[in-house]
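Please open the structure in your viewer and keep the selection tool at hand. The stops below are given in the order in which they may be selected.

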Amino acid sequence: MHEEPVAEITFKYKTAQRKFLDRTVWDRLRQHSPVYNGDTIHTAALSEATIWFPDGNVMDLAENTMAQIFVNQDKSLLADLIDGEAYIDASTSENAVVLSSKGVEVTVDSGSSVTAKSDKTENTVSLSVNSGNVTMNDGKVISKGESLAIEN
């Protein structure tokens, strides 16, 4: 692969799988495996993983979670939570994280953290702001201690 990694993954429990953007086969990841732009990461039952980005952003994936990671030219991070639960921590990063799921897109501001849940069977997305602020596409700001649930 000629592409530079955009992050590194570690595991709290068991392991995770990766599907490259241009492939259909899942690859089993090892501790400290590189993550590439466009990778889809999947954790199985009883598995948890953490994705570490060079800018200080961190994304924890709970069990049975699937997320796709994109890093843009300007090094900004876009995380698409396809299903499951993720904790996004931008508290020590200078860069915000754009989090999308089921058509909902929010910006986790620099210095902030959020827990997001996406349920594909219920077709719902919920966010809980742990610290700092999250900005919705319409400009509405959700602050620490506030939550949001969206149903399609």
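Select Asp-39 and Arg-18: both residues are buried, a term for a relative accessible area under 20%, whereas exposed stands for over 50% and partly exposed for values in between (1.4 Å probe, protein chains only). The model is a predicted one, in which local features need pLDDT of at least 70, side-chain atom pairs count only at pLDDT 80 or more, and totals for chains, interfaces and linings use all residues. Residues are numbered from 1 along each chain as its sequence is written, and side-chain values use heavy atoms, with hydrogens and water left out.

Display the side chains of this pair. Asp-39 and Arg-18 form a salt bridge, with 3.1 Å between the closest N and O atoms; the term requires a side-chain nitrogen of Lys or Arg within 4 Å of a carboxyl oxygen of Asp or Glu. Asp-39 belongs to the loop between S4 and strand S5 (40–43), and Arg-18 to strand S2 (residues 16–19), so the pair ties together parts that are 21 residues apart in sequence. Strands here are DSSP runs of E of at least two residues, and helices are runs of H or I of at least four, numbered from the N terminus.

Add Asp-27 to the selection. Asp-27 also forms a salt bridge with Arg-18, the closest N and O atoms being 3.5 Å apart. Asp-27 is partly exposed because its relative accessibility is 28%, while Arg-18 counts as buried at 5%. Through shared partners, Arg-18, Asp-27 and Asp-39 are joined into one network. The whole structure has 2 salt bridges.

Next, select Ile-41. Setting aside neighbours within four places in sequence, Ile-41 has contacts (heavy atoms within 4.5 Å) with residues including Ile-9, Arg-18, Leu-29, Val-35 and Ile-51.

Which residues touch the most other members of the largest nonpolar core? Of its 35 residues, they are Ile-9, Ile-41, Ile-51, Met-59, Ile-88 and Leu-99. Strand S9 (residues 77–89) gives the most to this core, with 5 residues. Such a core is a set of buried Ala, Val, Leu, Ile, Met, Phe, Trp, Tyr and Cys residues joined through side-chain atoms within 4.5 Å. In soluble globular proteins, nonpolar side chains tend to be buried together.

Move on to His-32, in the loop between strand S3 (27–28) and strand S4 (33–35). His-32 is partly exposed, with a relative accessible area of 48%. Its phi is positive, about 65°, although His-32 is not a glycine. Apart from neighbours within four places in sequence, His-32 is in contact with Glu-8, Ile-9 and Thr-10. To see a separation, select Gly-145 as well: its C-alpha is 33 Å from that of His-32, and the two are 113 residues apart in sequence.

Finally, select Asn-123, in the loop between strand S12 (113–119) and strand S13 (124–131). Asn-123 has a positive phi near 55° and is a residue other than glycine. At 31% relative accessibility, Asn-123 counts as partly exposed.
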